[in-house]
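I sat down with this chain today and kept short notes as I went. Here is what I looked up, entry by entry.

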Amino acid sequence: MQAIDKAKLCLKIIGERKAIDPVLFEVSKLVSITDYFLIASGSSSRQVQAIASHLQKRMRDQGFRPDGIEGEQEGHWVLMDYGDVVIHLFYQPIREFYDLEGLWIDAPRMDLYTN
């Protein structure tokens, strides 16, 4: 599976748990560690944990295992590393505080509404 297809699969899966304001950045020309960053929020730490748990299960069902997961217990900022796709799931106030979208302003945003 190509990286963009994996990123769009992750986007679809987090949408199943009502992730808020997803943004997909192509960062392959800016960093060497991954091709895409997917950033989204939950309205509570419990929702963030549910999104992360659901994503991990559904990706495992598709044959993908994360290289690492951080922050699952707290649910404020969960980072999930799937190699060519890194997912950042935030509790909304934490997302606003860290403003990763501002940090990656030079990275192209992918259109989330095309196939």
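**Entry 1: an exposed phenylalanine**

I began with phenylalanine 97, which counts as exposed at 65% relative accessibility. A reminder to myself: this is a predicted model. I placed phenylalanine 97 in helix H3, which covers residues 92–98. I then checked its separation from isoleucine 69: the two are 28 residues apart in sequence, and their C-alpha atoms are 21 Å apart in space.

**Entry 2: the overall layout**

Next I stepped back to the whole chain. I counted four helices and five strands. Reading along the sequence, I wrote the pattern down as α-β-β-α-β-β-β-α-α. The radius of gyration is 13 Å, close to the 13 Å that the globule rule gives for 115 residues, so the chain is as compact as a globular protein of that length. Along the principal axes, the C-alpha trace spans about 35 × 35 × 25 Å.

I also looked up how the chain is packed. Of its 115 residues, 40% count as buried. I took contacts between residues at least 6 apart in sequence, and 60% of these join residues at least 24 apart.

For the surface, I noted an exposed area of about 6,500 Å², with carbon and sulfur atoms supplying 49% of it. On charge, I have 13 positive and 17 negative side chains in my notes, and the centres of the two sets lie 9 Å apart.

**Entry 3: the nonpolar cores**

Which residues have the most contacts inside the largest nonpolar core? I found Ile14, Leu55, Met59, Met80, Ile87 and Leu89, in a core of 25 residues. Helix H1 (3–15), strand S2 (36–42), helix H2 (45–61), strand S4 (77–81) and strand S5 (85–91) each supply at least two residues of this core. H1 gives the most, with eight residues.

I picked leucine 89 for a closer look. Setting aside residues up to four places away in sequence, leucine 89 touches Ile14, Ala40, Val48, Ile51, Ala52, His76, Trp77, Val78 and Met80. Apart from the core of 25 residues lies another core, of 10 residues, and I noted Val23, Phe90, Trp104 and Ala107 among them.

**Entry 4: histidine 88**

Is histidine 88 buried or exposed? I have it down as buried, with a relative accessible area of 6%. I located histidine 88 in strand S5. Leaving out neighbours within four places in sequence, I listed its contacts as Phe37, Leu38, Ile39, Ala40, Trp77, Val78, Leu79 and Leu100.

**Entry 5: glutamate 101 and arginine 109**

Glutamate 101 lies in helix H4. I checked its accessibility: at 12%, glutamate 101 counts as buried, since the cut-off for buried is under 20%. Beyond four places in sequence, glutamate 101 touches Val23, Phe25, Ile39, Arg95 and Arg109.

I followed that last contact to arginine 109, which I found in the segment after H4. Again leaving aside neighbours within four places, arginine 109 is in contact with Val23, Leu24, Phe25 and Glu101. Val23 and Phe25 are therefore on my list for glutamate 101 and on my list for arginine 109, and Val23 also belongs to the core of 10 residues. I also looked up arginine 109 against alanine 19: they are 90 residues apart along the chain, and their C-alpha atoms are separated by 17 Å.

**Entry 6: two aspartates with positive phi**

I went looking at backbone angles and stopped at aspartate 21. Aspartate 21 is not a glycine, yet it has a positive phi of about 45°. It lies in strand S1, residues 20–26.

Aspartate 99 also went into the notebook, with a positive phi of about 45° although it is not a glycine. I found aspartate 99 in the loop between H3 and helix H4 (100–103). With a relative accessible area of 39%, aspartate 99 is partly exposed.

**Entry 7: isoleucine 33**

Where is isoleucine 33? I found it in the loop between S1 and S2. At 65% relative accessibility, isoleucine 33 counts as exposed. My last lookup paired isoleucine 33 with aspartate 81: they are 48 residues apart in sequence and 10.0 Å apart in space, C-alpha to C-alpha.

How values were computed
Residues numbered from 1 in each chain as written. Predicted model: local features only at pLDDT ≥ 70, side-chain atom pairs only at ≥ 80, totals over all residues. Heavy atoms only, no water. Rg over C-alpha atoms; globule rule 2.2 N^0.38 Å. Buried < 20%, exposed > 50% of the residue type's maximum accessible area, 1.4 Å probe, protein only. Contact = heavy atoms within 4.5 Å. Areas by Shrake-Rupley, 256 points an atom, 1.4 Å probe, with all protein chains shown as cover. Lys, Arg positive; Asp, Glu negative; His and termini not counted. Charge placed at Lys NZ, Arg CZ, Asp CG, Glu CD. Core = buried A, V, L, I, M, F, W, Y, C linked by side-chain atoms within 4.5 Å.
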